[in-house]
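Reader: Please take one part of this predicted model and go through its surroundings closely. I would like the environment of single residues first, then the wider setting.

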Amino acid sequence: MFNIILNPPTFLVMALIGGLLIAIIASPLGIFMVWQKQSYFGATLAHSALLGVSLSLLFDLNPTLAIIFVSISIGMILFFLEQKSLLSTDTLLGILAHSSLAFGLIILSFQPSVQVDLMNYLFGDILSINQLDIILLISLLVAVLIYFANYWNQLLNLTLNKELAKIDGINIKNVQLAYILLLALLISLAIKIVGILLITSLLIIPAAAAHKLAKSPEQMLIYSLVIAIISVTGGLLASVMQDTPTGPSIVVCATLIFLASLIKK
Amino acid sequence: MPQKNNILPLIQATNVFHSYGNRQVLTDVSFAIYPNEVVTLIGPNGAGKSTLLKILLSLEKSNKGTIERKPNLTIGFMPQKVHLDSSLPLTVVRFLQLANHSNIFNNFYQKKQTNSTIEQTLIELGILSLKNRQLKSLSGGEFQRVLFARAIIKKPQLLILDEPVQGVDVQGQTELYHLINKVKDRLKCGVLMVSHDLHIVMKSTNKVLCLNQHLCCSGSPSSISVNLEFQKIFGTGFEEVAIYEHHHNPDQCDHTHGD
């Protein structure tokens, strides 16, 4: 059993690299998700990914690219509907999450041999990480680094109070839209390893665990980064050694750390 | 632009109209704020005070009318209440640093200079002891002062304060008014203060604007210290406040003045 860790097969190395990249990218995005109370937003983007999966099967496209396309579209639609403020945000999210999920399931039902695929997308599948995913994740990491180097303070300001941020000359629309696009991209890419049902928890649980320990936004980022990395590594190891599903293993790992953080006063 | 002693106004509203749907909120509102002048905007709830502020701050665009700003006008704004998410861990000093929202590279170089400004401001407002406290641990009055600190940290030419003394007791009000005066005298800035108290305004107010959808009346307040009746009822400790007497027909302006 330990042999697999000492002489890891290529797929495991790929999975680990992919998982760590996701953990690093998810941390800054996840803490803002917690601060802005946007967790349902992430869930909506993840649900819509199933529509991407079924479209990719229907038109024989690369699933990752199809998911990226659908997530970004849903993210943009949400952003602009929110600006119009016709309905409250949680109502909009509910409509988009479940209508895209329903569309996705109906399209899937027309196709044979989808059982296996569906399970993998719902719960994640370490075997499915390939070179394209790694390249896309590295590109996304660079984009996220550039974004936060420039807009970390601005995003903090608009998280605290949109009016004050606007008066201070921050272009809150652009900063927020860019954040949403990065989030949509991460969710599209992370689905392979954590799965549609659990991706939100990878964004939120490390941030929530870090919250107890942190005294500044930057500290919370670092703690959340460490917790996410431990969770992904631990979950992957458990998955390989005990043959548990990858996504749930990672989430359980993160949850255990979160519970431990509660002990601290 | 009309002038006052050859000084240009910091900001000037001319014939501003605004409505939400069918509800007319502002009708033909015109006024100007000059440097080193305190203008207090009063009016009952729903009078359109918040809307007028939003328009002055360019958060909203008026249906009709113009807002002229002095070129490169810098505005410091103290909002009425800031909703703070307690999951964002933030100390007072970090919160004030955020007023300077440049990217992290510039931030690194500016930090030293910013920190000394922050310290001076905290000392001026008597809240240096709060410097390293978490925002969520502050009391209402303490947080009010921190918000005021954030508004003045960039030395604005125009200071806009939305109900700064709301929920503060009389003693605290006097202190806060005193601080506002002190800062105004140092920065020589214009001050626009919003209050829903229709009678008692900051003593150094040069001009009171009474808004109820339209500008009902305007004028300067009379000092409380000469009003012995008031002192008899409320006692002393009102050095920083003054009474404003409305000079309009209450039938035209359907708000009560509590008398």
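Author: Outside the four places on either side of it in sequence, B:Val25 is in contact with B:His18, B:Ser19, B:Tyr20, B:Gly48, B:Thr51 and B:Gln213; contact means C-beta atoms, placed from the backbone, within 7 Å. The model is predicted, local features need pLDDT of at least 70, side-chain atom pairs count only at pLDDT 80 or more, and totals for chains, interfaces and linings use all residues. Residues are numbered from 1 along each chain as its sequence is written, while chains are lettered from A and ligands numbered from 1 in the order in which they are written.

B:Val25 belongs to strand 2 of chain B, residues 23–33. Strands (E, at least two residues) and helices (H or I, at least four) are DSSP runs numbered from the N terminus. B:Val25 has 20 other C-beta atoms within 10 Å, so it counts as buried; the class begins at 20 such atoms, 12 or fewer is exposed, and anything in between is partly exposed. B:Leu52 is 27 residues away from B:Val25 along the chain, with 8.9 Å between the two C-alpha atoms.

A second region of chain B is strand 6, residues 158–162. 5 of its 5 residues are buried, so the rest of the structure largely encloses this strand. The burial covers both faces of strand 6 of chain B: one carries B:Leu158, B:Ile160 and B:Asp162, and the other carries B:Leu159 and B:Leu161.

Strand 6 of chain B has parallel partners. Strand 5 of chain B, residues 75–78, pairs with it over 4 bridges, where pairing requires at least two DSSP bridges. In that pairing B:Phe77 is opposite B:Ile160. Strand 7 of chain B, residues 190–195, also pairs with strand 6 in the parallel sense, over 5 bridges. There, B:Gly190 is the bridge partner of B:Leu158. Between strands 6 and 7 of chain B the path runs through helix 5, residues 170–187, as a right-handed β-α-β crossover, that is, clockwise from the first strand over the helix to the second when the strands point away from the viewer.

Ahead of strand 6 of chain B is a loop that starts after helix 4 (140–152), and B:Lys155 lies in it. B:Lys155 is not a glycine, yet its phi is positive, about 45 degrees. It has 15 C-beta neighbours inside 10 Å and is therefore partly exposed. Chain A offers another such case: A:Lys37 has a phi near 55 degrees, again positive in a residue other than glycine. A:Lys37 sits in the loop joining helix 2 (10–35) and helix 3 (39–59) of chain A.

On the wider setting, chain B comprises 6 helices and 12 strands, and 39% of its 259 residues are buried. Of the contacts in chain B with a separation of 6 or more, 71% link residues 24 or more positions apart.

Chain B meets chain A through 21 of its residues, which are in contact with 25 residues of chain A. Strand 5 and helix 3 (104–124) of chain B each contribute at least two residues to that side.

As for confidence, the mean pLDDT of chain B is 80, with 80% of its residues at 70 or more; pLDDT is the predictor's per-residue confidence on a scale from 0 to 100. The model scores ipTM 0.81 and pTM 0.84. Where pLDDT is low, predicted coordinates should not be read in detail.

Key
Contact = placed C-beta atoms within 7 Å.
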